[in-house]
Amino acid sequence: MTMSSEQIALEIATALDVKQADGIRIFDVRELSGVTDFYVVATGTSAPHLKALIAETQRHLKGLGVASYRTSGTSDSGWVVVDYIHAVAHVFSPEARAYYTIERLWATAKEIPFPPGS
């Protein structure tokens, strides 16, 4: 079964939610970016929490037959990026998320409600 890029983004958000990520947001950047279709942004509370968030995301998506293309950053750095080609997860420490304000880059993007129906 092939998943749509939006389904992949929602599954990333679901995996992050399972491990209690904060501030999960999904941005539809198809009209704004040639790099990917969706960005999923979330915050973890500590380096071990970031590590658990990434591990759960990769485990969950792999179980659905979706492997990550590349992972950059470390939980100790406060910012980890997991690239699924059509959707990219950015998981931050609170300090890194406040510093980089990545949401401002996609301020004009459509936001996909998460959890669905919210």
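1. Order of elements. From the N terminus, the chain runs α-β-β-α-β-β-β-α-α-β. That makes four helices and six strands. Please keep in mind throughout that this is a predicted model.

2. Overall dimensions. The chain has 118 residues and a radius of gyration of 13 Å, which agrees with the value near 13 Å expected for a compact globule. The C-alpha trace spans about 35 × 35 × 30 Å along its principal axes.

3. Burial and surface. Of the 118 residues, 45% count as buried. The accessible surface of the chain comes to about 6,500 Å². Carbon and sulfur atoms account for 53% of that surface.

4. Contact range. Take the contacts between residues at least 6 apart in sequence: 60% of them join residues at least 24 apart.

5. Charge. The side chains include 10 positive and 13 negative ones. The centres of the two sets lie 4 Å apart.

6. Aromatic pairs. The structure holds four of them. One is formed by Trp79 and Tyr100, with ring centres 4.6 Å apart. Their planes meet at 45 degrees, so the pair is tilted; that angle falls between the 30 degrees below which planes count as stacked and the 60 degrees above which they count as edge-to-face.

7. What the tilted pair connects. Trp79 and Tyr100 link distant parts of the chain. Trp79 belongs to strand E4 (residues 79-83), and Tyr100 to helix H3 (residues 94-100). The two are 21 residues apart.

8. A second pair at Tyr100. Tyr99 and Tyr100 also pair, with ring centres 4.9 Å apart. Here the planes stand at 90 degrees, so this pair is edge-to-face.

9. Exposure of these rings. Trp79 is partly exposed, at a relative accessible area of 24%. The cut-off for buried is under 20%, so Trp79 with its 24% does not count as buried. Tyr100 is partly exposed as well, with 42%. Tyr99 has 64% and is exposed; the cut-off for that class is over 50%.

10. The cluster. Which residues form one aromatic cluster? Trp79, Phe92, Tyr99 and Tyr100 do. Within this cluster, Trp79 and Tyr100 supply the tilted pair, while Tyr99 and Tyr100 supply an edge-to-face one. For a first look at the model, I would start from strand E4 and helix H3, where Trp79 and Tyr100 sit.

Terms used
Residues numbered from 1 in each chain as written. Predicted model: local features only at pLDDT ≥ 70, side-chain atom pairs only at ≥ 80, totals over all residues. Heavy atoms only, no water. Rg over C-alpha atoms; globule rule 2.2 N^0.38 Å. Buried < 20%, exposed > 50% of the residue type's maximum accessible area, 1.4 Å probe, protein only. Contact = heavy atoms within 4.5 Å. Areas by Shrake-Rupley, 256 points an atom, 1.4 Å probe, with all protein chains shown as cover. Lys, Arg positive; Asp, Glu negative; His and termini not counted. Charge placed at Lys NZ, Arg CZ, Asp CG, Glu CD. Phe/Tyr/Trp six-rings, centres within 6.5 Å; stacked < 30°, edge-to-face > 60°.
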